[in-house]
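I wanted to look up how the parts of this structure meet, beginning inside one chain and then moving to its partner. These are my notes.

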Amino acid sequence: MSPKTLYDKIWDAHLVHEAEDGSSLIYVDRHLVHEVTSPQAFEGLRLANRKVRAPEKTIAVPDHNVPTDIDRAKGIENEQSRIQVEALDTNAKDFGVHYYPVSDVRQGIVHIIGPEQGWTLPGMTIVCGDSHTATHGAFGALAHGIGTSEVEHVLATQTLIQSKSKNMKVEITGTLPPGVTAKDITMAIIGRTGTAGGTGYVIEYCGSAIRELSMEGRMTVCNMAIEGGARAGLIAPDETTFEYVKGRAHAPKGAQWEAALDWWKTLYSDDDAHWDKVVTFDASEIAPLVTWGTSPEDVLPIDAEVPSPDSFEGGKVSAATRSLEYMGLKPGTKLKDIEIDTVFIGSCTNGRIEDLREVAKIMEGRRVKEGIRAMIVPGSGLVRAQAEEEGLADKLTAAGFEWRMAGCSMCLGMNPDQLAPGERCASTSNRNFEGRQGRGGRTHLMSPAMAAAAAVTGRLTDVRELAQTDVSA
Amino acid sequence: MDKFDHLTGIAAPLPIVNVDTDMIIPKQFLKTIKRTGLGVNLFDEMRYDDNGNEVPDFVLNQPQYREAEILVAGDNFGCGSSREHAPWAIKDFGIRCVIAPSFADIFFNNCFKNGILPIALPQAQVDLLMKDAEKGQNARMTVDLEAQTITTSDGEVIDFDVDPFRKHCLLNGLDDIALTLEKASAIDTFEQQAAQSRPWV
């Protein structure tokens with residue numbers, strides 16, 4: 001048998017039909033659904049008098065529109081948001097899919113609760129009408145975003161028409177330096193390969209720095225595979241993965257667990273597998289990173305300066321000019337001198353318990369600077385509950401953070417959590433596009449540790465320097 | 001799905017790289033539960049000022065491009081989210097073909113599901129078409145999907161590639177779901193086998 005990559009193995013295990021022209025029908029093991037990209041798909045089913053083929057493999061949760069203020073009983077004020085969430089309530093009930101409504105403590109961002117509830121398992125194919133479905137690749141599952149027409153296709157047929165992507169290996173050797181996190185790894189990769197560097201590929205992340213990450217860190221890395229243009233990101237499952245999955249609500253039990261484990265242990269890329277593209281660098285080359293522009297590839301180490309558009313080539317010259325104007329920045333300004341108004345901790349990239357622990361650790365003996373709006377939006381109701389149980393919520397609230405309910409929140413501002421025009425945000429989310437967090441809002445992407453450091457000083461800050469100087473308590 | 005076979009129309013130049021889906025259709029318009037009506041908000045934040053007035057310089061607000069049916073754009077067009085609202089907005093405006101050096105994967109797929117033809121060409125050819133588009137409404141391009149050619153206003157012919165299955169679906173306006181349901185027995189068989197080999201799924 002010819003050597004295979006992990007992607008090849010998962011692909012082959014889910015191939016229902018392959019046409020002569022190369023278009024393939026791939027079986028979908030888990031279909032995750034949220035309220036924004038599904039109403040038209042369910043409507044399409046109704047119009048064609050079709051059913052959901054596998055409701056037991058379909059999991060729905062409202063997350064994008066959900067307000068994150070504490071009083072959920074008062075409902076959703078924005079009429080359009082409310083209608084969209086109510087449509088999901090109705091569709092989930094009518095079509096009989098698994099559902100976590102707003103009132104359920106397990107509600108949260110779809111990419112947080114899939115793994116949390118054990119829906120996400122190694123070797124699966126997982127799709128969702130959301131580009132950050134890439135997150136689930138951390139388990140060695142082939143997971144990617146789809147559009148609404150494809151959501152309807154999966155609902156109706158439990159399959160997806162696909163052409164196979166190419167294989168790309170991203171190897172991060174060595175060990176991460178102190179103060180550098182999974183977020184910095186994934187931003188560093190995009191900084192090197194660009195937002196189109198992964199287009200046409202499925203990326204497998206490997207190397208010692210990836211192996212040493214927790215499952216949550218691996219999810220952060222895979223989450224932003226889409227920002228690098230890739231269809232999906234993958235990390236081969238190992239003991240860390242199995243340990244995380246074991247005992248979760250929908251993970252296999254007993255004899256099925258053993259059978260699953262036997263198969264999961266075969267899910268790795270063979271030594272002599274063919275790679276169409278390889279990127280390798282050492283973790284020691286990665287510093288804490290921030291974005292300066294309006295594309296996730298606009299990444300620089302925190303001790304750098306805002307670049308001049310002249311330092312780029314081709315279409316990127318005008319893009320950088322446009323970005324700097326939008327961001328209100330001048331070339332040559334030290335990144336560390338950029339003052340911020342708001343800090344957002346949350347999103348499917350960095351809204352898990354370890355992220356909140358990291359922030360709490362940085363905030364130990366420190367406070368959010370006077371005048372800075374700092375909000376923490378846990379990724380799920382269960383993450384929130386755990387943080388409260390661990391005493392993190394009390395510490396963070398005492399340090400000056402707003403402690404909010406679960407949802408996508410200010411990552412994309414479909415709910416009331418938005419930036420005002422010109423407002424500048426240190427954000428743990430995944431996109432710094434123009435208007436992403438609110439019309440005219442200015443986003444700097446970074447790790448939770450770096451965002452916490454910015455909250456303390458009110459400007460972009462090197463968390464490693466903060467550690468030495470600013471403890472006031 | 002609407003068919004796409006050939007199109008002769010005005011091409012609008014949008015020489016920006018990394019045009020993301022938040023630019024194409026900002027999030028406040030994703031709250032709809034319909035597929036139609038988004039054209040008026042296409043490129044909303046570039047097209048209108050803070051008071052909702054048109055920005056005269058923006059290409060689709062210029063008189064010669066208001067009826068554009070083709071868009072010529074920069075590299076990595078449609079990057080960002082999976083929102084199909086992006087192609088819905090493009091189509092609702094009246095644009096049926098987007099030409100760029102490269103496209104983001106999900107956006108590219110979504111176009112084909114909505115009767116929009118995305119064409120990826122080498123930068124030099126996009127540059128040529130961009131110049132042609134900049135001539136305004138008298139410069140009409142022709143896109144012929146059957147022949148896989150673009151003809152500029154000067155009569156220059158450029159060939160393009162397209163996936164044969166997607167070409168077939170676009171030319172005939174075929175519904176993917178109906179096509180797949182013809183393979184229902186293959187799906188049944190797969191499910192029965194998977195129930196044995198991976199019962200935990």
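Before I looked at any distance between domains, I noted that domain bounds come from an automatic or database domain assignment. The model I am reading is predicted.

Entry one, on the domains. I looked up the assignment for chain A and found domain 1 (6-277) and domain 2 (293-469). I then took their centres over C-alpha atoms, and 24 Å separate domain 1 of chain A from domain 2 of chain A.

Entry two, on where these domains touch. I found 38 residues of domain 1 of chain A in contact with 36 residues of domain 2 of chain A. On the domain 1 side, helix 4 (110-116), helix 6 (182-193) and helix 8 (215-223) of chain A each supply at least two residues, and helix 6 of chain A gives the most, with six residues. Sorting that side of domain 1 of chain A by class, I listed twelve nonpolar, 17 polar and nine charged residues.

Entry three, on the two chains. I looked up the contacts between them and noted that 58 residues of chain A are in contact with 46 residues of chain B. The elements giving two or more residues to the chain A side include strand 1 (15-18), strand 2 (24-27), helix 3 (79-95), helix 5 (148-157) and helix 11 (315-327) of chain A. Which helix gives the most to the side of chain A that touches chain B? I found that helix 5 of chain A does, with six residues. By class, I recorded 21 nonpolar, 27 polar and ten charged residues on the side of chain A that touches chain B.

Notes. Residues are numbered from 1 along each chain as its sequence is written. Chains are lettered from A and ligands numbered from 1 in the order in which they are written. This is a predicted model: local features need pLDDT of at least 70, side-chain atom pairs count only at pLDDT 80 or more; totals for chains, interfaces and linings use all residues. Two residues are in contact if their C-beta atoms, placed from the backbone, lie within 7 Å. Helices (H or I, at least four residues) and strands (E, at least two) are DSSP runs, numbered from the N terminus. Ala, Val, Leu, Ile, Met, Phe, Trp, Tyr, Cys and Pro count as nonpolar, Asp, Glu, Lys and Arg as charged, and the others, Gly among them, as polar.
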